[in-house]
Amino acid sequence: MPPVPAEPGPPPGTPDPGRSAARGRPAAHGRPAAGGPADPAEGQARGAGRLSGPLFRDEQPEPAPPGVTETVVLRAISDDATPAPAPGHGIPPHPGAPVHPAPPANHLAAGQPRFVPSSLPGQETPVAAQPAPQPQPRKQRGGRNLQAAIGVGVGLGAVIIASLFVVKALFLVVVMAAVAVGVWELTSRLAERKQIKAPLVPLVVGGIAMVATGYWSGIQWAAASLALTGLAVMVWRMAEPPEDYLRDITAGVFTAFYVPFLATFVAMMLAADDGPQRIVLFLIVTICSDTGAYAVGYKFGKTKLAPTISPGKTREGLAGGIGLSMLAGALLMQLIIDGGSWWQGLILGGCAAVTATLGDLGESMIKRDLGIKDMGTLLPGHGGIMDRLDSLLPTAPVVWLLLAAFVGS
């Protein structure tokens, strides 16, 4: 409530009936003055009210006598959220009251409600404190679940090692299964995003035939299986209306080459006498390329390698991937490959790192054209099978060719 000055006292020399009643003495002629209280306690309360104004906020001040001017201090209205000084803080409520310094603008403690002027005089409305915005949890780089990715990677590695060194032909079954799932993922995404209907059945059957003939009979029969698969795709698509026929069979032939035919070179490496060792060399140099590129690029990467295709790849990361892959190739070529030499491993590792990077960029182009992030969701933390085969498929023919040139097939 705005401060109201106390009522003017009686002129000098005029007896105060309140004081006389408070002291227990009657006024003039032994009788209480007109209008004065008969009870001494009431006189004290009235005297206290005259000195300090109303006792409660809801009390209304008595009207001032005619001829007396009242001065009311109104609260200034501004856009500032900081409340104006309350009585007793910078503005004296009545003459003679002590003046206290106004508090600073930021005197409110954290969590203390702020007040704004109310429509009722002398009252303020508290504003509920707004909760502080909670920081958003940081997402892992690339949006991957690191724990799931590591667990799946360890599981896949255990399956590969067990199938390689227990029964060699069992690894061939693993390759066939990966080819079938990869073909299904790619054709499914083409149908979903581009309405391209590449025939699935001839592609899966032809893909398995390519891997088997490459393992048992060599590259000539694998190439023949690729040609027959292309013809089967053309014939199978004839059962549909002719609209978009050329588009669909082109996608089918591309799928047959990209997934099963490139995977056939893995089967041909396996067919050698030291096939399991060659597969280990092939897998490790490719994995070292990805790992070295990620580690060096994350720490020192500044110059983008292909910003329009894969913004996360850097030239520094590529150099790190090549270096680590060459080191792994030199060690493994010298230690586990019969007749191999360390310098041959350097060449093999460098070429494998380049083709692995190009394969990764190639699949990134496909996924950007399709408008997707992953080819599938079969492998938690990794995406789909094709998201793991992107760097392995183009590297397989290069490693097979270099091994055949260095130590024979």
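## A walk through the helices

Start by selecting Lys367, which sits in helix α10. You're looking at a predicted model, so keep that in mind as you click around. Is Lys367 buried or exposed? With a relative accessible area of 12%, Lys367 counts as buried, because the cut-off for that word is under 20%. Now show what surrounds this lysine. Leaving out neighbours within four places in sequence, Lys367 is in contact with Ile372, Lys373, Asp374, Met375 and Asp387.

Next, select helix α12, residues 392–407. Try a distance check between the C-alpha atoms at its two ends: they are 21 Å apart. At 1.5 Å a residue, the 16 residues of α12 should span 22 Å, so the two values agree. Which residues of α12 are buried? Colour Leu392, Leu393, Thr395, Ala396, Pro397, Val399, Trp400, Leu402 and Leu403 to see them. Then switch on the parts that cover these buried residues: they include α7, α8, α9, α10 and α11. Before you leave, click on Gly408, just after α12, where phi is positive at about 90 degrees.

Now for some helix pairs. Two packed helices are described by the angle between their axes and the distance between the axes.

Select α8 (residues 275–300) together with α9 (residues 315–335). Their axes come within 6 Å and cross at roughly 150 degrees, and the crossing is right-handed. Which residues make the contact? On the α8 side, pick out Leu281, Ile284, Val285, Cys288, Ser289, Gly292, Ala293, Val296, Gly297 and Phe300. Facing them from α9 are Glu316, Gly317, Gly320, Gly321, Leu324, Ser325, Ala328, Gly329, Leu332 and Met333. Sorted by class, this contact holds 11 nonpolar, eight polar and one charged residues.

Stay in this area and click on Gly301, in the loop between α8 and β3. Gly301 has 29% relative accessibility and therefore counts as partly exposed. Not counting residues up to four places away in sequence, Gly301 touches Val296, Thr314 and Glu316. Draw a line from the C-alpha atom of Gly301 to that of Gly320: the two are 19 residues apart along the chain and separated by 9.8 Å.

For the second pair, select α4 (residues 169–194) and α7 (residues 245–270). Here the angle is about 160 degrees, with the axes 10 Å apart. α4 and α7 are therefore roughly antiparallel to each other, and their crossing is right-handed. From α4, the contact residues include Phe171, Leu172, Val175 and Val179; from α7, they include Arg247, Ala251, Phe254 and Thr255. The full set in this contact divides into 16 nonpolar, three polar and two charged residues.

Last stop: two loop residues with a backbone twist to look at. Most residues other than glycine have a negative phi. Select Gln195, in the loop between α4 and α5. What is phi here? Gln195 has a phi near 55 degrees, a positive value in a residue other than glycine. With 49% relative accessibility, Gln195 counts as partly exposed.

Then jump to Asp244, in the loop between α6 and α7. Asp244 is another residue other than glycine with a positive phi, near 60 degrees. Asp244 is partly exposed too, with a relative accessible area of 43%.

Key
Residues numbered from 1 in each chain as written. Predicted model: local features only at pLDDT ≥ 70, side-chain atom pairs only at ≥ 80, totals over all residues. Heavy atoms only, no water. Axes fitted to C-alpha atoms, helices over the stretch in contact; angles between N-to-C directions. Helix = DSSP H or I, 4+ residues; strand = E, 2+ residues; numbered from the N terminus. Left-handed = near helix turned anticlockwise from the far one by under 90°. Contact = heavy atoms within 4.5 Å. Nonpolar A, V, L, I, M, F, W, Y, C, P; charged D, E, K, R; others polar. Parallel < 35°, antiparallel > 145°, perpendicular 65-115°, else oblique. Buried < 20%, exposed > 50% of the residue type's maximum accessible area, 1.4 Å probe, protein only. Expected span 1.5 Å × (residues − 1).
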